[in-house]
Every structure is written in structure tokens, then in C-alpha cells.
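Hi everyone, thanks for making time. I'd like to walk you through a structure that may be new to you, so please have a look at it while I talk.

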Amino acid sequence: MKYRWLLVAPLLLLTVLTAQAAPKYTYADLVKQITDLQRLATVPEKGETCAQWSSYDRASKYDAATDKYIAWEANGDGGGIIRKEGDQSVLAEMTGPGCIRRIWSATPGDGHIKIYLDGATEPAVDLTFKSYFDRKTEPFTYPTLVHTTAANGANNYVPIPYQKSCKIVADPGWGNYYHFDYQTFPAGTVVPTFKMTLSAEDKTALQKADDTLIAPIITVFGATMAYKELTIPAGGKVTAGALKGSGALSGLLVATPDWVGEDVAVGLRELALQIKWDGETEPSVWSPLGDFFGTGPGLNKYEAYPLGMTDQFLYSRWYMPYAKGAQVEIVNDGATERKLKVYLLSQPLAAGEAAKLARFHAKWHRDAFLPATPDRPIDWPMLKTEGRGRFVGVALNIWNPRGGWWGEGDEKFFVDGEKFPSWFGTGSEDYFGYAWSSGRLFYHPLHNQTRNDNQANNGHISVQRWHIADNVPFQTSFEADIEKYNDNKRPCQYDCVAYWYQAPGGQDPYAAVPVQDRVDFYTPLNLKNADGAFEAESMKIIASTGGGQGAQGMDNFGAGKWSGGMQLWWTGGKVGDKLTLSLPVEADGNYKLTTVLTKAIDYGIVQLYLDDVKLGDPVDLYNDGVVTTPVLDLGAHDLTKGEHKLTFEITGANEKAQPAHMVGIDWVKLEKQ
């Protein structure tokens, strides 16, 4: 798709909100914030927050008395609620002034979700949960604001503001899995109370936001363009731009590299982009060049709102102010000379204006600042910083050569020293706007899966999420984690670029990463996987009544005998305990269900269930030696699209077995008949 350029007259300079004059927002103002990149540079006011209600597993708790995290890895994330009121479930409660910014679900149902605003006895919105996403009901009809991705996640970004309060309740049959991401404004802020019937002006604002997000246009406000053709010598560094005075870098473009005979993915990791604001000695922006533009490794073409890769350019539209100047440099840490064409677009700011604004930061890292506490080992930090600012997005890359589901990790955002996070999600793919560990690529202005080497999540995966209207303000500190269940040795390794704004004086602790740590950690594996099967160690755990579960490498018991060389290992269970795995079904139909389990001297007897219905007789997993079972035929079943439950119950042990009652699951397969 070729780029069109739209140059428009300079906008009025940003107005920095002050405590002396509490703002008043119209509905159209709140809609405009969906696409307002300049607003992200404003320093957040006290009382300005963004948080989340979700269906996360309520077994996860923080015990203040002991300063310990309890059941932090609990994964029954489909049905968590605040409480029951009769036959209704309370999903969310907020105090205003505020605005719901995003609604998400993996399985919206026919039961109604009711949103009560500002103490009203009648709901402002009363729709089936499906109707929030199917684009059949105004104003939830705009395709970039309301959509279900090709990878099954249902998303709604239409703002729902309230002045005093918001309460969300669900009738039976509402479905499973939800997120309500909501913004809270400082006390005194005036916002309208949402009504399903909008004015012509409000509808025009929604249409404009929808058009702005999807249009393949780089909009540059009052910008001047500087162009350079660069030759970056091996081991060298060049200046792409030295901007003087007070202004903002509002566009950064790199012509798509045409390095003949070279591995572009390696080159884009060996080159690093670094930007210094106002005479800094250390850069506020540092990333491998390709990764800065939102996906890696390599050229993975997509077009999102702030960043993208096209046939012509790698582009950035982040708004990056500076007070005294900016130094944009490209470093070549490789052994090959590289050539690039770089375009910088900037605009002036009035004297003193930039001093009121936060500085843009973007940093790439691997495994930086892992939790030191033993009760939070699964939390993988995407960003940790101190100071005042806004978190605006992340591009996460996964190296997963064994395949199977890499994620399931809930996002957890700790704001201003929180002990329990004000954001607590329901799964990695849910945070990135999709569902059911789908390997399908999808493209959207605010979230994407730009690379997935195959449907089994084998190889490189790249996902991203941009927080524009739902940016997360912080006053003193911010930590954004995502759970990581698979160990680096599996191997399953993460790297990411975190993007945020930070007021001068804050701490950005991230340093440049040596080139060998950017390109040398993803080595292909030649692993045999069961064709079309779910790798059990990567399946989502819905519930467990006892013991613990984790991936276990099985190559020591016979290389190639276990699919992917791994199994899901359930240890510490006792007779009567149950383990339930999520079994996602992509379409209605009749399916043959098969599995392979592990047998060993200390394994138990298990009864299998599909959606709580017994599957044949119990299976004795005793054997004097570690082996796999034959393929176990669990019958043919009529299944509907969505999540089903495969449950394993420990019913006893062979009299010859060592009574540890362990269970090993290699893979599970559904074959449509």
C-alpha cells in the first residue's frame, strides 16, 4: 500500500492542564483522545489514573500481613467477579469522573451486560455481551473501534464516560473472560454521562476517529522535513539529525532497506537507534533499529497508528518534544557496512512550551530487572521506571522454537508503589487483543500480531499493544509485567520494546544491550511435534484443586518420544484432585478427541472428563520405567465453538506404584470428522 502525505496547517500548541482550572470535556473531546498522540506528552495531573477490571482468578492475592503473594500463578481467569447480587454478577465498580476506554472478551455470550452510570436505577447500556462487539447496535458500529480480530478477540474502544460512578453487572449466560479498562480524571473534572443516543457532533467525532485510525496517511502537523542518505560503517555511528532549539520530532521514517544478499533481520538487530533529548549523556530512546518500529526480528509489514512497516518505509508517528535540541543517531554494531535513507519531521514549539512536557522514552531489553521475590517468579517485567509519566505501549517478541502456547501470562501493572496491581489481566493474548492462543496474524491500528512463524506458535512471534486514550499515568513509579510460564531453557525467550513518556528528573534504568545479546539467542531446534495437536504443557489451565503443574523436559527419557520434547507434569496431587485444561474449539462440529499421556512408576490412575462428562474408564499410568501411552481414543463428540473443559481426576494408584499420584500429559488433539 503506497503512502499518501497530508500536510496541514500548524495546530494550536498543546494546553497543559493545571490544577487551577479543572477541565470540562465534551463527548467529542473524549473521542478525540483516541487518536491524540500529542496529549501523551502532557505530564499527568494528580488523580489521573487508568486501571482495569477483569475476570482474573481471584485466588491470586497479596497478603499485607506477611508481605507475600499467594497463588500468584492461579490461572482460572474466565469467571472472576467482584461478587454476586442475586443471580447477577458484579463485574466492575468505578468512581468518577471517568470513562471506560476498552472492553474485551474471548467468549461474549447472549446474557446481558448492564452498565449503570452516576447512580441511575436504569442502565445506560443494556445489551447482550455479544452485542457490544457485533457492530449491529449504535454507537458500537465503527469498524476500527469495534471489531473481532482474525485471531478471535472481541474489542470495543467506544468511550463510555460517567461523572460520579459506574457499575457493571452481568446476567447469567454473559459468557467468560472480560476486561474493562477505564480512565479516571482528577477530581473536579466535568464529563458527560454516556447515552446510547448520540448527537450528530458526537457521531461525527466517532467517524473521524475511525477514519483517522485506519487511513494509510502519515499526518504531520506543521512539520519540516530533513532527509539524509546514511552510510553507517561497521562498528561505527552516524548522526541522522541534530535538531536545535525547542520543538518536537513528530515523524521518523526509514526507507525499507534493500541490502542485497544480506539477512535484513540480522541487520535490523545489529543497527541501533538512539535519541538524546536536551543534551543528555545517555539516550532516552535506544533500540535495535527494526524493533523500534514495533516488530521483530526482521521486516514484518503492518500499519498501526503510531508505528508501522510498509513497502516504502519503517515509520514512527510518536510525538517527541524537546526544549534545547535532539540528537538522533544510528549505531552499527555489526561487521557489515549499512546504507539507509532517513527522514526526520519536526515542528517548532513556543518558548517554554517544551519545558512543560514529558520526554519520550523507548527501550529494548531481554530479561531486565526480573523479580527478586520468590513468590513472584512468573512476572516478566516489560517496563520498570521511577518518576512521573505515562505508559503508552509495548512490542513483545517471543522466541519459541518448541511451539505450543507460549503465553497465558496475565499482564499486571503496578502503579505508584502498589502492592496489588491496578491492572490484572487474563492472558497474554487477551492483553494484545486476541484470544485462544491463536497463531493467526492480525492487523489493527492499536494492537497486532505481526509475526507468527506457524499456527502452532513455533518460532518467532511478535505482538504489540498501543495505549493512546487508555495510556497509564503514574506519579512516582511504574512496573508493567506479563506472566512468563515457560523457562528460557525450554527454550522460550522474551524481548520487548517498552514505550513511555517521563517528566525530566525521572529514572530510566535501561542501558544499551550488546549486539551478541540481540542476535545470538534464537537458534533453530529440530523438534518433532505431534501433527495438529495441542502441546499439553502450553495449554491453558482453567482450574486445579491440588498440587502444582509445569512443563517438564522429557528428552532424558528418550529423545523424540514426547512431542516437542516436553510434557505437562502434575505433581503433588492426591486422590480426588482435579486438573482442568482449556480445550478451545474454533468451529461447531463433530470432533475425534485423542491424547497421549505418560506412564511411570510413581504415576497415578486418572479419570478423564470432557465438559464434566466421563470419557471411558480410568487410565492406569503405572509403569516400571518412563514411557508414553499409546494414542488414547477418547471418542467423537459434538462440540460448539469456544472453550471446552478437559479434566483429569486422580482416582487412585496401581498397587505396584510408588504412591505419588503424579500425572504426565504429552498432547491432546481434536480432529474434525
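One definition before we start: two strands count as a pair here if DSSP finds at least two bridges between them. And please keep in mind that this is a predicted model.

With that in hand, let's begin with a sheet. Four strands make up an open sheet, in the order β30-β37-β32-β33, and their pairing is antiparallel. Which strands stand at the edges? They are β30, residues 379–386, and β33, residues 423–424; each has a single partner strand, so one side of each is left without a neighbour in the sheet. In general, strands of a sheet pair through backbone hydrogen bonds, either parallel or antiparallel. Now look at β32, residues 411–415, and β37, residues 477–483: these two run antiparallel and are joined by 5 bridges. To pick out one position, Phe-414 has Glu-479 in β37 as its bridge partner.

How far can we trust the picture? The average pLDDT of the protein chain is 92, and 94% of the residues score at least 70. Residues 1–19 are another matter, with a pLDDT below 50, although this stretch has 50 contacts in the model beyond near neighbours in sequence. Where pLDDT is low, the predicted coordinates should not be read in detail. Please treat the contacts of residues 1–19 with that in mind.

Next, the aromatic rings. How many aromatic pairs are there? The count comes to 44. One of them is Trp-72 with Phe-420, an edge-to-face pair with 5.7 Å centre to centre and 80° between the planes. This pair links distant parts of the chain: Trp-72 is in the loop between β4 (68–70) and β5 (83–85), while Phe-420 is in the loop between β32 and β33, 348 residues apart. So Phe-420 takes us back to two strands of our sheet, β32 and β33. Are these two rings buried or exposed? Trp-72 counts as buried, at 2% relative accessibility, whereas Phe-420 is partly exposed at 27%.

Another pair is Tyr-178 with Phe-180, which is tilted, with 5.6 Å centre to centre and 45° between the planes. Tyr-178 is buried, with a relative accessible area of 0%, and Phe-180 also counts as buried at 0%. Both belong to one aromatic cluster, whose members include Tyr-27, Phe-129, Tyr-132, Phe-133, Phe-140, Trp-174 and Phe-194.

Rings meet charges as well. Arg-317 lies over the face of Tyr-305, 4.6 Å from the ring centre. The charged end of Arg-366 sits over the ring of Phe-521, at 3.8 Å from its centre.

Now for some backbone details. Most residues other than glycine have a negative phi, and most peptide bonds are trans. Where do we find exceptions? A good place to look is the loop between β10 and β11, which holds Arg-135 and Pro-139. Arg-135 is not a glycine, yet its phi is positive, at about 60°; this residue is partly exposed, with a relative accessible area of 39%. The peptide bond from Glu-138 to Pro-139 is cis, with omega near 0°.

Pro-143 lies in that loop too, between β10 (125–128) and β11 (146–148). Pro-143 is partly exposed at 43%. Leaving out residues up to four places away in sequence, Pro-143 touches Arg-135 and Asp-210. The C-alpha atoms of Pro-143 and Ile-214 are 9.2 Å apart, with their positions 71 residues apart along the chain.

Elsewhere, the peptide bond from Arg-490 to Pro-491 is cis, with omega near -5°, and Pro-491 is in the loop between β37 and β38 (493–502). Asp-367 has a positive phi near 55°. You will find Asp-367 in the loop between β29 (359–365) and β30, where Asp-367 is partly exposed at 22%.

One last residue: Thr-647, in strand β50, residues 642–652. Why does Thr-647 count as buried? Its relative accessibility is 4%, and the cut-off for buried is under 20%. The side chains of Thr-647 and Thr-580 are joined by a polar contact of 3.0 Å. Beyond residues up to four places away in sequence, Thr-647 touches Lys-578, Leu-579, Thr-580, Gln-607, Leu-608 and Tyr-609.

That's my tour. Thanks for listening!

Definitions and conventions
Residues numbered from 1 in each chain as written. Heavy atoms only, no water. Buried < 20%, exposed > 50% of the residue type's maximum accessible area, 1.4 Å probe, protein only. Polar contact = N/O pair within 3.5 Å; in protein donor to acceptor, adjacent residues only side chain to side chain. Contact = heavy atoms within 4.5 Å. Phe/Tyr/Trp six-rings, centres within 6.5 Å; stacked < 30°, edge-to-face > 60°. Lys NZ or Arg CZ within 6 Å of the ring centre and 35° of its normal. pLDDT = per-residue confidence, 0-100.
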